[in-house]
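Colleague: Could you take me through one part of this model up close? I'd like to look at a single helix and what comes right after it, then at how the packing around it is arranged.

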Amino acid sequence: MPEQAGAYEKAMAIGAKGMDVVRTLYVPGCLGFERLNKRLQDAVEAGVIGRKDIQAALDDAATYWNSKLKR
Amino acid sequence: MQLNVPWAYDYALHGALEPVDETAGRISGDVHRRRACRSDFNGKVYGFPHYKQRQRDGLQTKPCSSARASTVRRPPLIEQLAAARSFGRNRPGGFRAGARQDRGHFLEEGLPLIDAGRAQCSIRRRTFALIARFADAYKAGGLLKDKLFSEDNYPASIDAYKSGRLANDGRAASALIRVRDDAPDIYRITEAAPAPMGANDDGASGSAKGRHVAAGGWLFHFAMPRGTRGEVAVEAGPVRVVLDQ
């Protein structure tokens, strides 16, 4: 890496290393994964801002996920 | 064309994509033996997932006066939340952690959402504790609240970073181009740092048990829209696909 390299060049070099260790979550075989994800995000939001008890919010999301995963 | 993998799955089910295995002229690379490199829906191969870029490891650490980093590294999430809570309480606006997608946080902390053996969603006790830490940081004013829970908070967080309101923003490396071009003063004090390796994921996302992974990555999918004709050559990561039709 050249001494004059800026943050962008360094970030590109970092990004080129270790691609094999990054992961993202996706559930194949389940139509409408975006809806599952949205329900999870809504639950996290409710818990973080205090609109709902954290456990209750996440349990509701898990119940929704399981109703879709069973199909 | 390239699609986000969840979109590709939905499009394939709705008949908007051509199965690649019926039209591919030459496919080089070890794709047929490596099932993980294929997108099989309804028994047909619709494309080859690949990481377009490693997102969130092009970390921008801006050593501002209230949160000077002694080394260029992104701290683990738990440390970030503790710092966000502390700085939010003591020096509002001095240090803020932008929110990212929740499932990325869970992956990073080794908290799988899906019990692969039972195909069920299970929320662990540690997951509740992690969200409680987010809630604490939020109440303390340590989280950037602009579009905090939107699916795509990139425009808001990059603007906050460029204006100096956000000290730390994990993004793809290409995001730094905007900082370089739009806010050269901020870019000069920006450093890149790799995403920290998270906990192991218990094999929940396909990696070997005990292997530590970093959350992120933009999983793309090479796909062909229905009705595609002509010769197409695409390189998708380690796979080269030539379609002769």
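Modeller: Let's start at the end of the helix: H5(B) is followed by B:Gly164, which has a positive phi, near 90°. Helices here are DSSP runs of H or I with at least four residues, strands are runs of E with at least two, and both are numbered from the N terminus. Keep in mind that this is a predicted model, where local features need pLDDT of at least 70, side-chain atom pairs count only at pLDDT 80 or more, and totals for chains, interfaces and linings use all residues. Residues are numbered from 1 along each chain as its sequence is written, while chains are lettered from A and ligands numbered from 1 in the order in which they are written. (pLDDT is the predictor's confidence in each residue, from 0 to 100.)

Now step back into H5 of chain B, residues 154-162: B:Ser157, B:Ile158, B:Ala160 and B:Tyr161 are buried there. Buried means 20 or more other C-beta atoms within 10 Å of a residue's own, with C-beta atoms placed from the backbone. Looking down the axis of H5(B), the buried residues fall within an arc of 160°, so they line one face of the helix; the arc is taken from the directions from the helix axis to the C-beta atoms.

As for the rest of chain B, 42% of its 245 residues count as buried, and its secondary structure comes to 7 helices and 15 strands.

Technical notes
Buried ≥ 20, exposed ≤ 12 C-beta atoms within 10 Å, placed from the backbone.
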